[in-house]
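Please look through the structure below with two places in mind, a loop residue and a pair of helices, which the paragraphs that follow take up in turn.

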Amino acid sequence: MVFDMGGSPLIHECIARFMRSGKLDAHVEALRRMYAEKCAAISESLEEHASNWLQFQRPEGGFFLWAECLGMSSDEMSQKATDAGVMFPTGSNFFIDRATDTTHVRIAFSQATLDQLRDAGPRLRAALTQT
């Protein structure tokens, strides 16, 4: 007997029915298109408006991009971004030894709207150019 630690039988049944309906592949493809559009929106915004402060390669999939901070620490970058309404964690949050990384940030794009993602670059630039 296998016990899954309390997963909802109702949710399991709904997922099973959806998978049997033949609609799963189309749904997954729609999600891929949506996340690709979100990735493009944040990437283009940051490339256009914040390339003096962030360097990154566009991810080929996933829900976030990993960027290197140029000219300041990731802590300083994250704080300035937060002050401008653009929030992302420093890369050190993803290491056991938090001192391992002081130059990277992880920018998630899965939950934000396209408008928010397009606005991230200009907001970040404004925060970073203030004296």
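Contact here means heavy atoms within 4.5 Å. The model is a predicted one, and the walk through it can begin at Asp101, a residue found in the loop between α3, which covers residues 74-83, and β3, which covers residues 104-108. With residues up to four places away in sequence left out of the count, Asp101 touches Gly91, Ser92 and Phe95.

How accessible is Asp101 in these surroundings? Its relative accessible area is 9%, and because buried means under 20%, Asp101 counts as buried. The side chain of Asp101 has polar partners as well: it reaches the backbone nitrogen of Thr103 at 3.1 Å, and a polar contact of 2.7 Å joins it to the side chain of His104.

The second place to examine is the pairing of helix α2, residues 24-50, with helix α4, residues 114-129, whose axes come within 8 Å and cross at roughly 15°. Since angles under 35 degrees count as roughly parallel, α2 and α4 are therefore roughly parallel to each other, and the crossing in which α2 passes α4 is right-handed.

On the α2 side, the residues that meet α4 include Glu37, Lys38, Ala41, Ile42 and Leu46, while among those that α4 contributes are Leu114, Leu117, Arg118, Asp119, Pro122 and Arg125. Taken by character, the residues of the contact of α2 with α4 divide into nine nonpolar, three polar and five charged.

Definitions and conventions: Residues are numbered from 1 along each chain as its sequence is written. This is a predicted model: local features need pLDDT of at least 70, side-chain atom pairs count only at pLDDT 80 or more; totals for chains, interfaces and linings use all residues. Side-chain values use heavy atoms; hydrogens and water are left out. Helices (H or I, at least four residues) and strands (E, at least two) are DSSP runs, numbered from the N terminus. Buried means under 20% relative accessible area, exposed over 50%, partly exposed in between (1.4 Å probe, protein chains only). A polar contact is a pair of N or O atoms within 3.5 Å; within protein, one must be able to donate a hydrogen and the other to accept it, and residues adjacent in sequence count only if both atoms are side-chain atoms. Axes are lines fitted to C-alpha atoms, for helices over the stretch in contact, and angles run from 0 to 180 degrees between N-to-C directions. Angles under 35 degrees count as roughly parallel, over 145 as roughly antiparallel, 65 to 115 as roughly perpendicular and the rest as oblique. A crossing is left-handed if the near helix is turned anticlockwise from the far one by less than a right angle, and right-handed if clockwise. Ala, Val, Leu, Ile, Met, Phe, Trp, Tyr, Cys and Pro count as nonpolar, Asp, Glu, Lys and Arg as charged, and the others, Gly among them, as polar.
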